[in-house]
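This report describes how the secondary-structure elements of one chain are arranged and where they touch. The chain is shown first, and the description follows.

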Amino acid sequence: MAFSHVIFDLDGTILNTIEDLACACNHVCEQHGWPTFSIDSYRYKVGNGMLKLVERFMPAEYAGDERMFSQAFAEFRSYYDEHKEDHTAPYPGISTMLDALCEEGVTLAVLTNKDHAAAAPLVQRYFGDRFSLVQGCTAAFPPKPAAPVTLHVLAQLGVKPSNVLYVGDSNVDVQTGHNAGLAVAGVTWGFRGRAELEAEGADFIAEQPEDVVNIVRGACAH
């Protein structure tokens, strides 16, 4: 096997969460009479954590307004917590891909900028015990792509960077892996697409979930 461990991003990589995230954001906007956005436009607002997501949907006139930001963030978290499974589902072929990796003896983990309190239950709900570790965003580390949280995950797994493949769907994910010395496979079925992944320098491109299995087996060249 080319890699003994695979760490996955969550949103846009193994779970299609965009509609539930968009609905939660637009709910807050509607409560305040702010402009709302199309579901598709949220593909470019997510990826850097929930704090940044709220900052991106709030009108520019509230920049620096800590009171309003705190209120909007609390409203978003409350609504999303209640509705995070309304439309969310794994992408087609993901569970089969994960099972194939497990059968090969590969250790799986999740590293996401989604709040840990939201991420862990979603992973358990849709994927059971396939993942040895789930690390969401917490106050203990800066969000991806900063290296500390990724290095923490590697330490928890007890593995060297050279033995790990990071899999994600955005430029943030490519940066995340490379900042910690990991090879990165960019998936084209997620929120951002091939052009962004190639421009950021992804080591591999996966067009479908089974491609990830082939990359881990060493069947795909850099």
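## Helix packing and sheet topology

In this predicted model, helix 2 meets helix 3 through Met 50, Leu 51, Leu 53, Val 54, Glu 55 and Phe 57, which face Phe 69, Ala 72, Phe 73, Phe 76 and Tyr 80 of helix 3. By class, the residues of this contact are 10 nonpolar, no polar and 1 charged. The axes of helix 2 (residues 50-57) and helix 3 (residues 66-83) come within 10 Å and cross at roughly 115°. Helix 2 is therefore roughly perpendicular to helix 3. The crossing of helix 2 past helix 3 is right-handed.

Helix 3 is also in contact with helix 1. On the helix 1 side the residues are Asp 20, Leu 21, Cys 23, Ala 24, Cys 25, His 27, Val 28 and His 32, and on the helix 3 side they are Met 68, Gln 71, Ala 72, Glu 75, Phe 76, Tyr 79, Tyr 80 and His 83. This contact divides into 10 nonpolar, 4 polar and 2 charged residues. The axes of helix 1 (residues 18-32) and helix 3 come within 9 Å, with a crossing angle of roughly 135°. That angle makes helix 1 oblique to helix 3. Helix 1, too, passes helix 3 in a right-handed crossing. Ala 72, Phe 76 and Tyr 80 of helix 3 appear in the contact with helix 2 and in the contact with helix 1.

The two helix pairs are set out below.

| Helix pair | Axes come within | Crossing angle |
|---|---|---|
| Helix 2 and helix 3 | 10 Å | roughly 115° |
| Helix 1 and helix 3 | 9 Å | roughly 135° |

The strands form an open sheet of 6 strands in the order 5-4-1-6-7-8, with parallel pairing. Strand 5 and strand 8 (204-206) each have a single partner strand and stand at the edges, so one side of each lacks a neighbour in the sheet. From one strand to the next, the twist averages 25°.

At one end of this order, strand 4 (residues 107-115) and strand 5 (residues 133-137) run parallel and are joined by 4 bridges. Between these strands the chain passes through helix 5 (residues 116-127), giving a right-handed β-α-β crossover. Two of the bridge partnerships can be named: Ala 109 is paired with Leu 133 of strand 5, and Asp 115 with Cys 137 of strand 5.

Helix 9 (residues 209-217) lies across strand 1 (5-8), strand 6 (164-168), strand 7 (183-187) and strand 8, and runs at about 150° to strand 8.

One further backbone feature concerns a proline. Pro 145 is located in the loop between strand 5 and helix 6 (147-157). The peptide bond from Lys 144 to Pro 145 is cis, with omega near 15°.

How values were computed:
Residues are numbered from 1 along each chain as its sequence is written. This is a predicted model: local features need pLDDT of at least 70, side-chain atom pairs count only at pLDDT 80 or more; totals for chains, interfaces and linings use all residues. Side-chain values use heavy atoms; hydrogens and water are left out. Axes are lines fitted to C-alpha atoms, for helices over the stretch in contact, and angles run from 0 to 180 degrees between N-to-C directions. Angles under 35 degrees count as roughly parallel, over 145 as roughly antiparallel, 65 to 115 as roughly perpendicular and the rest as oblique. A crossing is left-handed if the near helix is turned anticlockwise from the far one by less than a right angle, and right-handed if clockwise. Contact means heavy atoms within 4.5 Å. Ala, Val, Leu, Ile, Met, Phe, Trp, Tyr, Cys and Pro count as nonpolar, Asp, Glu, Lys and Arg as charged, and the others, Gly among them, as polar. Two strands pair if DSSP finds at least two bridges between them. A crossover is right-handed if, with the strands pointing away from the viewer, the path from the first strand over the helix to the second runs clockwise.
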